[in-house]
Amino acid sequence: MPNSITIKNVILLFCVLVLSGCASLNNSQSGFLGDYSKLEDSEIVEGLMVEKYEDKHIGQYDKFKIEPIKVYFSSDAKGVEVDPDKLNELTDLLYEKVESALSENYEVVSTPGPGVLTIKAALTDVVPNKPYLNLHWSTTLSRHGIGGASIEVDFIDSQTNDRIMAIMDVRQGKPLRYTKGLTKWGHTEDVFDQWVNLLVSRLNELHSLE
């Protein structure tokens, strides 16, 4: 009897995964950054693409001007269609998270000036969770029900308009953060936190070297 139950569970799991499918995140160039020729794999963060220069880096700036987050989906984005109002809510949320995190240690300004770095970002794909696939750990670990997002960010000197750095990243939620998978956008919002933490921690490291 135990073996029979186990087999039934495996068959049920297989059927759920096959029938549900999995919306994959887009990792192609959306066009938002314009020039992608200098992007390279990050030596620090797996999956992150970075354009950087030896003679300039974001650690040289202590003030930040944050542009409104854009939505800039590429033509082959594989995420499901998202309601425009929800997209606005997500972009506003990401903006608020970036602004709040930077404000703790740096000055956030609204105009260009000396030492001011402009941050321009765009969500280039978003995929919601499938909460019904995250009700049990076995399907959560398969990652088929876990959402996420893709982003491109341009860091620009506010006075010269020179690109200081650019990044492109595709990130999915973490299966072990179980409760994030029980709402439609929990993992996507968690991905926002990961990006913000990465930005702030990197800034702090660079400033400590000044």
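This note sets out points on the largest pocket and the salt bridges of the structure above.

1. Status of the model. The structure is a predicted model, and the points below should be read in that light.

2. Extent of the pocket. The largest pocket has a volume of about 590 Å³. Its lining comprises 32 residues. Those that lie nearest the centre of the pocket are Leu48, Met165, Ile167, Leu198 and Arg202.

3. Elements around the pocket. Two helices and three strands each give two or more residues to the lining of the largest pocket: helices H2 (84-103) and H4 (186-208), with strands S6 (116-127), S7 (148-157) and S8 (163-172). The most is given by H4, which supplies eight residues to this lining.

4. Character of the lining. Of the residues that line the largest pocket, 23 are nonpolar, three are polar and six are charged.

5. Salt bridges in the whole structure. Nine salt bridges are found when the whole structure is searched. In general terms, side chains of opposite charge can pair when their charged atoms come close. Three of these pairs are taken up below, with the burial of their partners.

6. Glu51 and Arg163. These two residues form a salt bridge in which the closest N and O atoms are 2.8 Å apart. The pair links distant parts of the chain, since Glu51 belongs to strand S2 (residues 49-51) and Arg163 to strand S8, 112 residues apart. Both Glu51 and Arg163 are buried. The pair also belongs to a network of salt bridges that links Glu51, Asp154 and Arg163.

7. Lys65 and Glu67. A salt bridge joins Lys65 to Glu67, with 2.3 Å between the closest N and O atoms. How do the partners stand in terms of burial: is Lys65 buried or exposed? Lys65 has a relative accessible area of 16%, and therefore counts as buried under the 20% cut-off. Glu67 is partly exposed because its relative accessibility of 23% lies between the limits of 20% and 50%.

8. Asp169 and Arg171. The side chains of these residues meet in a salt bridge, at 2.9 Å from N to O. Arg171 has a relative accessible area of 15%, so this residue is classed as buried. Asp169 is likewise buried because its relative accessibility is 2%, a value under the 20% limit.

9. Points to carry forward. For the pocket, the items to retain are the volume of about 590 Å³ and the eight lining residues from H4. For the charged pairs, the item to retain is the network of Glu51, Asp154 and Arg163.

Note on methods. Residues are numbered from 1 along each chain as its sequence is written. This is a predicted model: local features need pLDDT of at least 70, side-chain atom pairs count only at pLDDT 80 or more; totals for chains, interfaces and linings use all residues. Side-chain values use heavy atoms; hydrogens and water are left out. On a 1 Å grid over the protein atoms alone, a cavity is a set of points where a 1.4 Å probe fits but cannot get out, and a pocket is an open set with protein on both sides within 12 Å along at least five of seven lines; lining residues have an atom within 4 Å of a point. Grid points are joined across faces, edges and corners, and a volume is the space filled by probe spheres set on the points. Helices (H or I, at least four residues) and strands (E, at least two) are DSSP runs, numbered from the N terminus. Ala, Val, Leu, Ile, Met, Phe, Trp, Tyr, Cys and Pro count as nonpolar, Asp, Glu, Lys and Arg as charged, and the others, Gly among them, as polar. A salt bridge is a side-chain nitrogen of Lys or Arg within 4 Å of a carboxyl oxygen of Asp or Glu. Buried means under 20% relative accessible area, exposed over 50%, partly exposed in between (1.4 Å probe, protein chains only).
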